[in-house]
Amino acid sequence: MGLVYERRTLPQLSEDILVHSYRKYWESPAQLVPSQNERVPALLIKARTKFPDIKPIIIDQDNNIVNGHHRYDVALELGAKSVLVLKVNATIEELISYYT
């Protein structure tokens, strides 16, 4: 794991509120970097029941996960070859500063 932030520190981003430019594409979960290690059991269950029809995982320009850690965990657990991501043209620090 690279950077580690508290769960409450990371912004809850979605495609409809992003003002930064981004690219939407499919990526191997192995290429994504978790940025926090707190998990909510109920959110893992929710992600499992919706998989593979889940929202994109939001990542920064360096592949750090900003939003979607539970979806990421489920993708790894289920052996998904790829997940839909929104790669935002900003660092995780810039996103935290702007959206929180």
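**Exercise 1: What comes after α2**

Helix α2 (69-77) is followed by G79, a residue with a positive phi, near 70°. Start from this point in the predicted model and work out the order of helices and strands along the chain.

*Solution.*
- Step 1: agree on the terms. Helices are DSSP runs of H or I with at least four residues, strands are E runs of at least two, and both are numbered from the N terminus.
- Step 2: count. The chain has three helices and four strands.
- Step 3: read along the sequence. The pattern is β-α-β-β-α-β-α.
- Step 4: put the chain in a box. Its C-alpha trace spans about 30 × 25 × 25 Å along the principal axes.

Two notes before we go on. Residues are numbered from 1 along each chain as its sequence is written, and side-chain values use heavy atoms, with hydrogens and water left out. As this is a predicted model, local features need pLDDT of at least 70 and side-chain atom pairs count only at pLDDT 80 or more, while totals for chains, interfaces and linings use all residues.

**Exercise 2: The buried side of α2**

Find which residues of α2 are buried, and which elements they pack against.

*Solution.*
- Step 1: set the cut-offs. With a 1.4 Å probe and protein chains only, buried means under 20% relative accessible area, exposed means over 50%, and partly exposed lies in between.
- Step 2: go through the helix. H69, H70, R71, Y72, V74 and A75 are the buried residues in α2.
- Step 3: look for their partners, where contact means heavy atoms within 4.5 Å. The buried residues of α2 pack against α1, β2, β3 and β4 (83-88).
- Step 4: zoom in on H69, which sits in α2. H69 counts as buried because its relative accessible area is 3%.
- Step 5: list what H69 touches. Setting aside residues up to four places away in sequence, these are L10, P34, S35, Q36 and R39.
- Step 6: add a distance. H69 and A47 are 22 residues apart along the chain, and their C-alpha atoms are separated by 9.9 Å.
- Step 7: step back to the whole chain. Buried residues make up 43% of its 100 residues, and of the contacts with a separation of 6 or more, 87% are between residues 24 or more positions apart.

**Exercise 3: Two residues of α1**

Decide whether P41 is buried or exposed, do likewise for T49, and then relate each of them to a residue further along the chain.

*Solution.*
- Step 1: place them. P41 lies in helix α1, and so does T49.
- Step 2: apply the cut-offs. P41 is exposed, since its relative accessible area is 58%; T49, at 62%, counts as exposed too.
- Step 3: pair P41 with H70. They are 29 residues apart in sequence and 8.9 Å apart in space, C-alpha to C-alpha.
- Step 4: pair T49 with G68. Here the sequence gap is 19 residues and the C-alpha to C-alpha distance is 15 Å.

**Exercise 4: Backbone details in the loops**

Locate the cis peptide bond and the residue with a positive phi that is not a glycine.

*Solution.*
- Step 1: check omega. The bond joining F51 and P52 is cis, with omega at about 10°, and P52 belongs to the loop between α1 and β2 (57-59).
- Step 2: check phi. N63 has a positive phi of about 70° although it is not a glycine.
- Step 3: place N63. It is part of the loop between β2 and β3.
- Step 4: check its cover. A relative accessible area of 11% makes N63 buried.

**Exercise 5: I17 ahead of the first strand**

Describe the surroundings of I17, in the segment before β1 (22-27).

*Solution.*
- Step 1: classify it. I17 is partly exposed, because its relative accessible area is 39%.
- Step 2: list its contacts. Leaving aside neighbours within four places in sequence, I17 is in contact with Q12 and Y99.
- Step 3: compare with V33. The two residues are 16 positions apart along the chain, and their C-alpha atoms are separated by 22 Å.
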